[in-house]
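Work through these exercises with the structure in view. Try each task before you read its solution.

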Amino acid sequence: MDKILVTGGLGFIGSHTVVELQNEGYEVVIIDDLSNSSIKVLDGITAITGKTPVFEKLDLKDKDGVSAFFKKHNDVKGVIHFAASKAVGESVKEPLLYYENNIGTLVYILKELKKLPAASFIFSSSCTVYGQADELPITENAPVKQAESPYGNTKQIGEEIIRDTCKVVSTLKAIALRYFNPVGAHETAKIGELPIGVPQNLVPFITQTAIGLREELSVFGEDYPTPDGTCIRDYIHVVDLAKAHVVALGRLLQDKNKVNYETFNLGTGKGSSVLEVVQSFERVSGKKLNYKIVDRREGDIISAYADTNKANDELGWKTELTLDDAMRSAWKWEQVVRENK
Ligand SMILES: NC(=O)c1ccc[n+]([C@@H]2O[C@H](COP(=O)([O-])OP(=O)(O)OC[C@H]3O[C@@H](n4cnc5c(N)ncnc54)[C@H](O)[C@@H]3O)[C@@H](O)[C@H]2O)c1
């Protein structure tokens, strides 16, 4: 089976994708610098799949290190590039860190892929590229709006860099996957999301509140023009998301792509409000969540959910798991994390 490089493969989405790749028989090599993950994740992957992927600890900002990696692994057929910094607030304070880590690393990898006789490349993009879209659900043709943060801008610029490169490098095929809101954990609770410090995302904040690590959840605003007044997002189970990467990679490796640069939305197609997520958590955990409504938070868009037709029809992929499944797995994972602390 083909050898696939997964950058950021010990992170949240990367680790779940490594599991699905190994389940499909791919030979996986992970690069991660452990800046936002733990080496213990490797044990989790091994426990689930019975196989330990090759692991190279490398900071992808080290251009020579990236070159040396591709000399050593010159039989890599595809790359799934997750490695990036992802904290929106931090990116506003430290834009150059984000441009260096999210753009510099991308360029170094593409330069190496350009040298190969053939290469398939999957990029982690985000629905943040759409901003507050004018029409819902959001299709891939919705205009890309001015980015709200340097982080968001790195995804827009990243997509442009790949598109421009694919125009001139005929041996390179690429897909940018625009994730909506990834949540949940593997059902075995051997891997999951490991936020460092105070979680920026809703679901880890909920589970950390329920376990007693945070006092209460702040729900930012209940006066939005939505049915219950809270913001709406499209929460996709990380295992469904991981499987989409395997399908997208297969499309490129088997030459099923229509053009050599494509974009796909990855979401469920269903929007859920903040309060609906809280209710889902309470339903599956049997616990009452301590939360309060506070003022709106600056920069939050009102509503975003995916039109999934392109991914469903062209990739032949669709989500199988529900929000309740995601909340159940996230809660199970949170409890395992606390037990092991
Ligand atoms: N989680 C989300 O909500 C979300 C939504 C849309 C897009 N994305 C994108 O998906 C990708 C993966 O996200 P995630 O949630 O799994 O994040 P994560 O932080 O859990 O995983 C990223 C991994 O990359 C590693 N990494 C970062 N910089 C590196 C470098 N210079 N060299 C080597 N390794 C490096 C980190 O140590 C980490 O293990 C990111 O590109 C992110 O921007 C995430």
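**Exercise 1. Find how much area domain 1 and domain 2 bury between them, and describe their contact.**

Step 1. Domain 1 and domain 2 bury about 2,100 Å² between them. Buried area is the accessible area (1.4 Å probe) that two parts lose on being put together, summed over both. Of this area, 62% is on carbon and sulfur atoms.

Step 2. In domain 1, the residues that lose the most area to domain 2 are Q132, H237 and D240. Together they make up 27% of what that side buries.

Step 3. Locate the parts. Domain 1 is 3–182 + 237–266, and domain 2 is 202–233 + 269–340. These bounds come from an automatic or database domain assignment. Contact (heavy atoms within 4.5 Å) takes 24 residues from domain 1 and 21 residues from domain 2. The C-alpha centres of the two domains lie 24 Å apart.

Note the basis. The model is predicted: local features need pLDDT of at least 70, side-chain atom pairs count only at pLDDT 80 or more, and totals for chains, interfaces and linings use all residues. Residues are numbered from 1 along each chain as its sequence is written, and side-chain values use heavy atoms, with hydrogens and water left out.

**Exercise 2. Count the salt bridges, then examine the pair K3 and D75.**

Step 1. A salt bridge is a side-chain nitrogen of Lys or Arg within 4 Å of a carboxyl oxygen of Asp or Glu. The whole structure has 20 salt bridges. Between domain 1 and domain 2 the count is three.

Step 2. K3 pairs with D75, and their closest N and O atoms are 3.1 Å apart. K3 lies in strand β1 (residues 3–7) and D75 in the loop between α3 (63–72) and β4 (76–81), so the pair ties together parts that are 72 residues apart in sequence. Helices (H or I, at least four residues) and strands (E, at least two) are DSSP runs, numbered from the N terminus.

Step 3. Another salt bridge joins E314 and K258, with the closest N and O atoms 3.5 Å apart.

**Exercise 3. Which residues lie nearest the centre of the second largest pocket, and which helix gives the most to its lining?**

Step 1. A pocket is an open set of points on a 1 Å grid over the protein atoms alone, where a 1.4 Å probe fits, with protein on both sides within 12 Å along at least five of seven lines; lining residues have an atom within 4 Å of a point.

Step 2. The lining has 36 residues, and L194, W333, V336, V337 and N340 lie nearest the centre. α11 gives the most, with six residues.

Step 3. Domain 1 and domain 2 both give residues to this lining, so the pocket lies between them.

**Exercise 4. Where is P137, and what is the peptide bond before it?**

Step 1. P137 is in the loop between β5 (119–126) and α6 (150–168).

Step 2. The bond from L136 to P137 is cis, with omega near -10°.
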